[in-house]
Amino acid sequence: KLSGNMIIESFKIEKIRPSKVFFTKLQDEKKITPQISFNKINPTKYVVDIKNASEPYYLVFSESFSPDWKVYIQQGKILGNIFQEWFQKPIAEDQHFIVNGYANGWRITPKDSQGKTNYTIIIEYWSQRLFYIGAIISFLTLIVLGCFNLKKRHQKL
């Protein structure tokens, strides 16, 4: 979208040799694809149930890529509270990558689940924790200020 006149003073045409690309058909392997079902808890937290995952696989999460999306493999029961995975270690960052130019992807291996084939994965937007911490601090501050206010009113009487 250039406007005006354009003059090309010199140019060169060269033949470009395409690089050699080899396609090889791999042996037909009968891999068992894990069965996956998910539940959206809120826009920042998803629970994914994995069944029959005996080999490494890729988990693709179609939300805009951010390094703040974390994956936790749940070892115990899902309690349903917002603090459940706060003290768990997420899957390593080198297993988190961009898929299709925008989405989040993780390579999940049996080592991540300690060899279990049936387990639960929690996908959480880590920055949401900052909101929860701020809300807790605000609520506690409101309670403390309310107590001080009641104490002052009681002293005036």
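**Notebook: sheets, core and aromatic pairs**

I began with the open sheet of three strands, whose order is β3-β6-β5 with antiparallel pairing; two strands pair if DSSP finds at least two bridges between them, and strands (E, at least two residues) and helices (H or I, at least four residues) are DSSP runs numbered from the N terminus. I noted that β3 and β5 (96-99) are the edge strands, each pairing on one side only. On average, neighbouring strands of this sheet are turned by 35° against each other, direction ignored, with axes taken as lines fitted to C-alpha atoms, for helices over the stretch in contact, and angles running from 0 to 180 degrees between N-to-C directions.

I am working from a predicted model, in which local features need pLDDT of at least 70 and side-chain atom pairs count only at pLDDT 80 or more, while totals for chains, interfaces and linings use all residues. Residues are numbered from 1 along each chain as its sequence is written, and side-chain values use heavy atoms, with hydrogens and water left out.

**Chain overview**

I looked up the elements and found one helix and seven strands in the protein chain, following the pattern β-β-β-β-β-β-β-α along the sequence. Of the 157 residues in the chain, 26% are buried (buried is under 20% relative accessible area, exposed over 50%, partly exposed in between, with a 1.4 Å probe and protein chains only).

**Strand β5 and Phe-97**

I followed β5 to strand β6 (residues 103-108), with which β5 pairs in the antiparallel sense over four bridges, and saw that Ile-98 stands opposite Asn-104 in β6. Phe-97 is also found in β5 and is partly exposed, with a relative accessible area of 27%. Beyond its neighbours within four places in sequence, Phe-97 is in contact with several residues, including Tyr-58, Phe-65, Asn-104 and Trp-106, where contact means heavy atoms within 4.5 Å. I checked Phe-65 further: Phe-97 and Phe-65 are 32 residues apart in sequence, and their C-alpha atoms are 8.2 Å apart.

**Strand β7 and the core**

I then turned to β7, which is mostly covered, with six of its seven residues buried. Six bridges join β7 to β2, the two running antiparallel, and here Tyr-46 stands opposite Ile-123. β7 also pairs with β4 in the antiparallel sense over six bridges, with Ile-122 in β7 as the bridge partner of Tyr-72.

The largest nonpolar core (buried Ala, Val, Leu, Ile, Met, Phe, Trp, Tyr and Cys residues joined through side-chain atoms within 4.5 Å) has 16 residues, and among those that touch the most other members are Tyr-57, Trp-106 and Ile-121. Two or more residues of this core come from each of β2, β3, β4 (69-74), β6 and β7 (119-125).

**Aromatic pairs**

I searched the whole structure and found six aromatic pairs, where rings of Phe, Tyr and Trp (its six-membered ring) pair if their centres lie within 6.5 Å, and planes under 30 degrees apart count as stacked, over 60 as edge-to-face and the rest as tilted. Tyr-46 and Phe-61 form an edge-to-face pair, at 4.9 Å centre to centre with 70° between the planes. Tyr-46 lies in strand β2 (residues 45-51) and Phe-61 in strand β3 (residues 57-61), so this pair ties together parts that are 15 residues apart in sequence. Both Tyr-46 and Phe-61 are buried, and ring pairs link them with Trp-69, Trp-106 and Tyr-125 into a cluster.
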